[in-house]
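Biologist: Please take me through one part of this protein in close detail. I would like to look at its largest nonpolar core and what lies around that core.

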Amino acid sequence: MQIDPKKCVACGNCVAVCPMGAIYIDPGVNRAAVNTEECVESYTCHRGMSMETLNPVLVRAVRRMLHVFRLRFDPEPDVCPTSAITPDELTWPRVVRRAFSDVTASHESTGVHGRGTEEVKTNDVTNRLDVGRTGLTVELGRPGIGVWFRDVEHVTKSLAEAGVEFEEKNPVTSLMVNRELGLLNPEILNEKVMSVIIEFNTAEADIVETLQILRRIASEIPTIMALGLSVRCDEQGHTDIEGLLRAQGFEFNRAKTNIGIGRAELAVAATA
């Protein structure tokens, strides 16, 4: 994303809109500017603000005149009065930033918007999680902090060493050049995005080891990690996963329970 210095009047409205805090007023030139390293190309500023077409020379003159009388002219907070915000022509690998950060963009690998995955919690209709397996999602990043793909790779490499199976229908998996080692395309490692979701599954017998690995990794990466865990209940609707999580010292919320209807193989599918 760029801000045209010829149009910008330094009203500052776009500063508060950016979810990554990547826009600032440069006091040296009295114009808004974008920190390109921190910008994740979410297009929130361009999409979320009304673009007006006031003459920037006139607006600056009015602001200077009002300043003399200790008055201010501020447009509505959701308005860029001179349409100074201009999207870049994104190319590889920077285009990856928008794919993971712009909620209106869809991933080529899955055709899904946002982080590009419907997640294993839809197992009642997708049957992606087999009996005896535990599905996990690791979400990295949040607005305001984001995540670098070099840190995503640190997670995927550690999980690969534990022998997990990465989900086929997942954008992060599609960016791997070696799934057995959890290696991502080296061209994207210095790209930053709002957040990503890594999906994988492992044998129920290995879940404790996997949780311990994730707990260790969480302290090694400079971002936020959120863990989702999915299991299939038995025919009585029971699962031991809650007791296991408590024993490992994890606090959790039971987010969703799916009950398959009309298909025998899904009749006991559930997500905890």
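**The largest nonpolar core**

Modeller: The largest nonpolar core has 33 residues. Leu140, Phe149, Val152, Val196, Ile198 and Phe200 have the most contacts inside this core. Several elements each supply at least two of its residues: α4, β7 (133-140), α6 (149-161), β13 (196-203), α8 (207-218) and α9 (241-247). Apart from this core lies another one, of 20 residues. Cys18, Met20, Ile85 and Leu90 are among them.

Keep in mind that this is a predicted model. The mean pLDDT of the protein chain is 86. Of its residues, 89% reach 70 or more. Over residues 261-272, though, pLDDT stays under 50. For that stretch the model has 39 contacts beyond four places in sequence.

Now zoom in on leucine 140. Which residues does leucine 140 contact, leaving aside neighbours within four places in sequence? The list includes Val147, Val152 and Val155. Met194, Ser195, Val196 and Ile198 are also in contact with leucine 140. So are Ile221, Thr223, Ile224 and Met225.

Next, leucine 189. Leucine 189 sits in the loop between β11 (183-184) and β12 (192-193). Is leucine 189 buried or exposed? Its relative accessible area is 18%, and buried means under 20%, so leucine 189 counts as buried. Leucine 189 and valine 152 are 37 residues apart in sequence. In space, their C-alpha atoms are 8.4 Å apart. Not counting residues up to four places away in sequence, leucine 189 touches Trp148, Phe149, Arg150, Glu153 and Leu184.

Return to α4, which supplies at least two residues of the core. α4 (95-101) also helps to line the second largest pocket. This pocket has a volume of about 350 Å³. Of its 18 lining residues, Val95, Val96, Ala99, Ser106 and Glu108 are the closest to the centre. The largest share of the lining, five residues, comes from α4. α7 (171-174) supplies at least two lining residues as well. By type, the lining divides into 10 nonpolar, four polar and four charged residues.

Last, look at the loop that leads to α4. Proline 93 is found in the loop between β6 (85-86) and α4. The peptide bond from tryptophan 92 to proline 93 is cis, with omega near 5 degrees. Most peptide bonds are trans.

Notes
Residues numbered from 1 in each chain as written. Predicted model: local features only at pLDDT ≥ 70, side-chain atom pairs only at ≥ 80, totals over all residues. Heavy atoms only, no water. pLDDT = per-residue confidence, 0-100. Contact = heavy atoms within 4.5 Å. 1 Å grid on protein atoms, 1.4 Å probe; cavity = no way out; pocket = protein on both sides within 12 Å on 5 of 7 lines; lining within 4 Å. Points joined across faces, edges and corners; volume = space filled by probe spheres on them. Helix = DSSP H or I, 4+ residues; strand = E, 2+ residues; numbered from the N terminus. Nonpolar A, V, L, I, M, F, W, Y, C, P; charged D, E, K, R; others polar. Core = buried A, V, L, I, M, F, W, Y, C linked by side-chain atoms within 4.5 Å. Buried < 20%, exposed > 50% of the residue type's maximum accessible area, 1.4 Å probe, protein only.
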